[in-house]
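Work through the exercises below with the sequence and the model open. Try each task before reading its solution.

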Amino acid sequence: MKETRLGRWLLFTGLLALLVFFFVSGAGAVPSFKRQTGMSCAACHTVFPELTPFGRSFKVNGYVFSKHTRTFAERIPVAAMIQLSYTEQKDLDNRVNPFDDSPTAKFNVPQQASLFYGGKIAGKFGVFSQLTYDGVENSISLDNTDIRYADHVDVGGTPLVYGVTVNNNPTVSDLWNTTPAWGFPFSSSPVAVTPAAGTIIDGALAQQVGGVGIYAFWNHLIYAEADVYGSTNRGIARPLGAGTTTETVVSGAVPYGRLALQHQWGAHSLELGTYGLVADIHPSGLTSGPTDRFTDYTFDGQYQFIQGPHLVTAQATWIHEKQDWDASFPLGNTANSSNNLETWKLNLQYHYRADFGTLGGTVAYFSTTGDSDPVLYAPEAVSGSNTGSPESRGFILQAAYLPMENLKIVAQYVIYDTFNGSSTNYDGSGRDASDNNTFYLLVWMMF
Amino acid sequence: MKKNSFFIMLMVLPAAVLLWSTGVSGKDDGLGKKIYNEKCQFCHGIKGNGNGPAAASMNPRPADFNDPRFWKKNDEPKILETIERGHGMMPAFDMKPDEIKAVMGYISHSFKRRD
């Protein structure tokens, strides 16, 4: 206990020292992409991590734009970040046992701390890779990683950017912020209870698979990508899941495809697209034998308006998943041999860049619906479903303030109208959907 | 595994110090050229012809400062506004007045054709 409290004090002191560096030095430490290019964060990001059109150009060209002309990176492109958070949700302290015996599960200091290697390696090779300490799980692991080679040619007088990506999360290589790896709300409470049902493509395969893909962006109009992934439980993909327990074990290859249309006119940009994957996954706890098949396809769209101090973004994502329980149904893990699941995510963001910082907010709507399955979605206090339905829906209200471009303070409120199938007594133990309403305060610093 | 706050600081602090210590830039002569090469050449190219490394993924292409039509359509106030507020894919640049003046002078003297 004493060692833990001493550790917390030392951590606070260290963070305070870093903040003093920021304010006193003026020059400050900067994220690696900013250092490499000499551009401000605002060149590539509206409000980080969301990308501007120039940011998408930087990414699709392999993270290699540099103010230096040398073949190899001028300096090792290292950056860091830390997230500190506070969560309020009914009965939170009764449900979560902090590993360090702290008196409350509400404070997560840190929620997460990461080191990044981000930028040019050499020539046309670049990388975004994140090593993360999870302050709730008390673990260190390789996080999102995207290693690229990119080049371009002229095709009949029109430009074609093409490249290869090695990554460990379907959609991490995507250019728009409508996809699960980089979508709103970008960060959320690590300790709050959340709906039971979710599609596989919506983050379940992050660092559970590793793979390689090719992509092409023609005339800044049509983007296409095709990847194939394998389990990080074994084989050549194993390093891409370093530090992560592979709990979702895929069998064989997981193909992923992406197609997007983009149009830019003045301060406006619009993207409409689709993406999807097919994954054969062993039932939980198994690493061989029969598998269940998940077929996901998605439609998405993003509109951005960036002019002067005004930043407007609207995003929409619809995911459909077909679940064939070829392995789980015979085992008695599901009531149905197949189910369908559908997810909607919509959000509207406005931020204003003032002299005192960037200030703004987001209103978002989320919904998951699908076939009832009383075995898959069984009653259980807090996390279960009294009706066997996966249905959950609600809103997210978020305010954000960035006093400087690499420090973000977020106040987020998640409101549940329906949770695991019902508005009232959803778990069969008297808990209502609104009991899971969550207040989340986040301080997010990039170095 | 015990929570190791020392390890967290070992990860974060050296990175922050390294980044801070290498992030300082000093003044030098040729301010306009320096700023152009750092911030503008990605899109507009080292030769100002709109063919920088990023240009291939942009539609429309970045402005060609060698083209007399650019100078006919864009006077100094308009160029200043574009630098400060951005335009299309071009981000806004938060530069001091003397920096903007320096880079505008560099673009004009280096790339504008004088017949």
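What percentage of the 115 residues in chain B do buried residues make up?

**Solution.** Start with the ground rules. This is a predicted model, in which local features need pLDDT (the predictor's confidence in each residue, from 0 to 100) of at least 70, side-chain atom pairs count only at pLDDT 80 or more, and totals for chains, interfaces and linings use all residues. Residues are numbered from 1 along each chain as its sequence is written, while chains are lettered from A and ligands numbered from 1 in the order in which they are written. A residue is buried if 20 or more other C-beta atoms lie within 10 Å of its own, exposed if 12 or fewer, and partly exposed in between, with C-beta atoms placed from the backbone. By that test, 33% of chain B is buried.

**Exercise 2.** Describe the make-up of each chain.

**Solution.** Take helices (H or I, at least four residues) and strands (E, at least two) as DSSP runs, numbered from the N terminus. Chain B has five helices and zero strands. Chain A has six helices and 16 strands. Of its 447 residues, 49% are buried. Next, count contacts: two residues touch if their C-beta atoms, placed from the backbone, lie within 7 Å. Take the contacts with a separation of 6 or more. Residues 24 or more positions apart account for 63% of them in chain A and for 43% in chain B.

**Exercise 3.** Find the largest nonpolar core and say what builds it.

**Solution.** A nonpolar core is a set of buried Ala, Val, Leu, Ile, Met, Phe, Trp, Tyr and Cys residues joined through C-beta atoms within 7 Å. The largest has 42 residues; Cys44(A), Tyr63(A), Tyr36(B), Cys43(B), Ala54(B) and Val103(B) touch the most other members. Elements giving two or more residues to this core include α3 (41-44) and β4 (139-155) of chain A, and α5 (97-111) of chain B. α2(B) gives the most, five residues. Now zoom in on Ala54(B). Beyond neighbours within four places in sequence, Ala54(B) contacts Ser57(A), Asn61(A), Phe65(A), Phe42(B) and Cys43(B). Apart from this core lies another, of 24 residues, among them Leu84(A) and Trp444(A).

**Exercise 4.** Trace helix α2(B).

**Solution.** Look for the bend, the angle between axes fitted to the seven residues ending at a residue and the seven starting there. α2(B) bends by about 50 degrees at Glu38(B). Its buried residues include Ile35(B), Tyr36(B), Phe42(B) and Cys43(B). α5 of chain B is part of what covers the buried residues of α2(B). Just past the helix, Gly45(B) has a positive phi of about 85 degrees.

**Exercise 5.** Place strand β9(A) among its partners.

**Solution.** Strands pair if DSSP finds at least two bridges between them. β8(A) joins β9(A) through 10 bridges, antiparallel. Leu261(A) is bridged to Leu272(A). Two residues separate these strands in a hairpin, and Gly266(A) in the turn has a positive phi of about 60 degrees. On to β10(A): 14 bridges join it to β9(A), again antiparallel. Gly276(A) is bridged to Tyr297(A). Then check the faces. In a regular strand the side chains alternate between the two faces of the sheet. In β9(A), the covered face includes Tyr275(A) and Leu277(A), and the uncovered face includes Leu272(A) and Val278(A).

**Exercise 6.** Where is confidence low in chain A?

**Solution.** Chain A averages a pLDDT of 90, and 89% of the residues score at least 70. Residues 1-5 of chain A stay under 50, with four contacts beyond four places in sequence. Residues 22-30 of chain A are also below 50, with 16 contacts beyond near neighbours in sequence.
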